[in-house]
Every structure is written in structure tokens, then in C-alpha cells.
Amino acid sequence: MQATTNHGGLLAQQHDDSGEPQRDLRAEFVLSLLSKRREAIAGRAGSGIAAASRAMAFATLDDWRHRAAMESAADAPELALADLRIGLAASPDDPVLLADYVRAAAAANRLDEAEAFVRGDAERGSVPAMIQLSVVLGARGRLDDAAQAAQRAAATDPASEPALEQLVTALADATNQPALEQLNGLLASAAPESPVEVYGRARLAYLRNDFTATVAETERLLLMEARPDARRRALNLRGSAAAALGDLDGARRALEESLALAPRDPTVLANLGE
């Protein structure tokens, strides 16, 4: 997100009534942080970095997540990856950190590294890692493998809504309509009108080229969901369905709202033509 109300980016300046430029302190902080982090990675940190490192020793998981978010917003996914790995070293099963890590890896074009990282935790039985392994495999075009990883996550923890959501996503992405119909039948019996069941209906409607029903189901889902990732998925689907119906303004609104939840998402940027 922009640091100021103008559109000059992190280096934008504000002016007081005299016309003199005022320093954008938030921009200066971000640029200083990135500069220091680069020095640390390159092994050229001085005494100032040593002081910063001492402070970072007391950082919480939220601190690492917020630092990574700032670095991603500053178009520095490599730095975000480094900080997220530090956070994951302390909490390897944190689902939000894992999802942020995979997104940063995709932005840095390092999905091969992300696959190796999450696969290790998935093999030791981590359901959040299994979910993200499915995400990575899907992003790499290995759709059947992605579906298998999601199926393993859902089988390991049948009560995990994120695992079931990823299974819906993976089956739909693989255009495995019979398997998705079977899963939706189970969801309709076990969890009728739950967010994951509505999401399953929306994805199945899209597979059937029923774009009107897809829009209706995603609108229902957006009224139910507050989680950013779930809203992003629903908005992406709604945008695609609206575009298929010729509602280009509606499609752009949905995709721009999705992009606000996940800046620099390559799929959304491509759909927006940016």
C-alpha cells in the first residue's frame, strides 16, 4: 500500500504550506531497514546493524510477519523470504507464516526452494505444510500432485477447514469435476452452508461454465468470510466469472479488491493486464 495519499510511492514527498518538501519518515524507515538488511545478508554489517540485530533477537512472530509484509510491499521479496524463514524456524507450523512464505517465494521466482522447504515439514506430518505444498505444486503446474497433497492434508485432519478448502481448490484447478462433485456431496452432508461448502459450490459452478451461479455463490461467500485468504480466493473467482459474463467493470473491481489483500499477486496482476 502507498505510504502517502499521493501516488509517488515510497520515495514520494509531502509539502507543507510553504511549499518546502517534508521528509516521509515511513519511507525513510523502510529504505533504511532494507539497506541494513542487505548489508547484514552480505556480511558487511557495521556497529549499527549489530545494534539492530540485538533488537531483532526479541522480535515476535508478528514482528517478523510485519517486517516481511513491508519488504514485500517495497518489492523486496528476497528480504521477505529471509525474515519469514527466521519466523518459521521458531514456529514451523504457523499457517499464516507458511502462506506468506510461499507467496514471497512465488514473487521471488523461488518456488523450487519453497517446495523443498514445505515438503520436509509435510513429510513429518504438518498439515499446514501439506496445504502449502499443494499450493506450491499447483503454482508449478503439477495439478494432480497438488490434489494428492491436499487430499493427504484433509485425510490427516478432516476437521481442518483450510485443508478442505485447498482440496476444493486443487480439484477444481485440475478440472477433476467428478472428484469435486463427490467432495461437494460429502460437504453438503457434513457441513451444509458452511464457507467451505459454499466455496465448493462456487468452484463446481465455474467448472460447469455456470458463471451466473458462480457470481451468486461467491457473493454469498464474501458475506460469510472475514479471512483475507478466503476473501482473496472468492474475489479472484468472482472476477473471472464476471469477466466470462462480459461484466468487465465488475471483474476489475473484484480483482482490484483481491490485489489489495495480496499485493503483487502474479495471477491477479496478469488478469488485470498489469
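Helix H11 is covered by several neighbours, including helix H9 (161–173), helix H10 (177–190), helix H12 (211–224) and helix H13 (228–244). Helices here are DSSP runs of H or I, at least four residues long, numbered from the N terminus. Of the 13 residues of H11, 10 are buried, meaning under 20% relative accessible area with a 1.4 Å probe and protein chains only. Among them are Tyr 199, Arg 203 and Leu 204. After H11 comes Asn 209, with a positive phi near 65°.

This is a predicted model, in which local features need pLDDT of at least 70, side-chain atom pairs count only at pLDDT 80 or more, and totals for chains, interfaces and linings use all residues. Residues are numbered from 1 along each chain as its sequence is written, and side-chain values use heavy atoms, without hydrogens and water.

Helix H6 also has a buried side. Its buried residues are Leu 111, Ala 114, Glu 115, Val 118, Asp 121 and Ala 122. They lie on the same side of H6 because they cover an arc of only 140° around the axis. The arc is taken from the directions from the helix axis to the C-beta atoms. Ala 116 and Glu 123 are exposed on the face turned away, with exposed meaning over 50%.

The expected span is 1.5 Å times one less than the number of residues.

| Helix | Residues | Expected span | C-alpha end distance |
|---|---|---|---|
| H6 | 111–123 | 18 Å | 18 Å |
| H11 | 195–207 | 18 Å | 18 Å |

Confidence varies. The mean pLDDT (the predictor's confidence in each residue, from 0 to 100) is 80. Over residues 1–16 it is below 50. Where pLDDT is low, the predicted coordinates should not be read in detail.

Note on methods: Contact means heavy atoms within 4.5 Å. Helices (H or I, at least four residues) and strands (E, at least two) are DSSP runs, numbered from the N terminus.
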